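This report is for a reader who is new to the structure. Please look over the sequence and the model before reading on.

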Amino acid sequence: MREILIIGIGAGDPDHLTVQAIEALRRVDVFFLLDKGAVKQDLAALRQEILRRHTTGAYRAVEIADPERDRTAADYQAAVEDWRRRRADRFAELIRDELPDGGCGAFLVWGDPALYDSTLAILDDLRDRDVVEFDHQVIPGISSVAVLTARHRIALNRIGRPVQITTGRRLADEGFPAGVDDLVVMLDAQCAFTRFTAADGIDIYWGAYLGTPDEILIAGPVHQVADRVVTARVEARRRRGWIMDTYLLRRTLVQTTGQHQKTGQQTRDDQVTDD
């Protein structure tokens, strides 16, 4: 039986790997790597640095081009499903052709494999198709959400209050969810946070390239720092050709006296770091 490991490798810092992830890396015979093109060669270099630091024995690395996804399609769900099917076809070829029976192969997943990543769903699809036989194990990783809150020195949740994770697309379409005070937003290419005003009473904790030397952090009342986030995002994308970012939107809570209160870490108005 072939064994597949899905290893979370953190948000960008090679030191983010857990002891379990490092031990898993050292069991692997073949690493399956997705090439995302020349624009993201720095990500490929970072992945190679992780292998250099944390592997000890001989291994092979097999790289394939990641299928292109139609980002202009009117039917977003259908476009994603088509992209995942084509990815699954390539995964099947890799596992069948590059990993012998009894061997251990691995996919390296940025952040945590269980949070906004398609690898687990694709492998489930392959198992359902029964096109190649394998067993798999998931090694959790440090997510971008965990790094975001750690770098801003805040807790993700507040006492007795719910936390929700959503996408920029849903925030733009539906607004801030009712009954939620702490909202993590991912995949927001359109900067949906710019819709909020001072009257909404919302703070933003934003981060890009988390865990890397190019990390950018901005925090403050969203109506005050939104333009700064947009500018930083545009300039970073122009400089590097791509961007990975996420943010937490946090409503202020009201005491019984009617006064607004910041709970936990006080908002650092207009804070910007680039370190």
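Which backbone oxygen lies 3.1 Å from a polar atom of the side chain of Thr149? That oxygen belongs to Ala146. The model is a predicted one.

Thr149 is part of helix H5, which covers residues 144–152. Thr149 counts as buried because its relative accessibility is 10%, under the 20% cut-off. Apart from residues up to four places away in sequence, Thr149 touches Ile154 and Leu156.

Glu3 sits in strand E1, residues 2–8. Val28 is 25 residues from Glu3 along the chain, and their C-alpha atoms are 9.2 Å apart. Setting aside neighbours within four places in sequence, Glu3 has contacts that include Arg27, Leu99, Cys104 and Asp135.

The table puts the two residues side by side.

| Residue | Element | Relative accessibility |
|---|---|---|
| Thr149 | helix H5 (residues 144–152) | 10%, buried |
| Glu3 | strand E1 (residues 2–8) | 25%, partly exposed |

The largest nonpolar core has 27 residues, and those touching the most other members are Leu171, Phe193, Ile204, Trp206, Tyr247 and Leu249. Strands E7, E8, E9 and E10 and helix H7 each give two or more residues to this core. Helix H7 gives the most, with 6 residues.

Trp206 is in contact with Leu148, His152, Ile218, Val229 and Tyr247, among others, when neighbours within four places in sequence are left aside. A second, separate core has 20 residues, including Val30, Leu34, Val109 and Leu126.

Key. Residues are numbered from 1 along each chain as its sequence is written. This is a predicted model: local features need pLDDT of at least 70, side-chain atom pairs count only at pLDDT 80 or more; totals for chains, interfaces and linings use all residues. Side-chain values use heavy atoms; hydrogens and water are left out. Helices (H or I, at least four residues) and strands (E, at least two) are DSSP runs, numbered from the N terminus. Buried means under 20% relative accessible area, exposed over 50%, partly exposed in between (1.4 Å probe, protein chains only). Contact means heavy atoms within 4.5 Å. A nonpolar core is a set of buried Ala, Val, Leu, Ile, Met, Phe, Trp, Tyr and Cys residues joined through side-chain atoms within 4.5 Å. A polar contact is a pair of N or O atoms within 3.5 Å; within protein, one must be able to donate a hydrogen and the other to accept it, and residues adjacent in sequence count only if both atoms are side-chain atoms.
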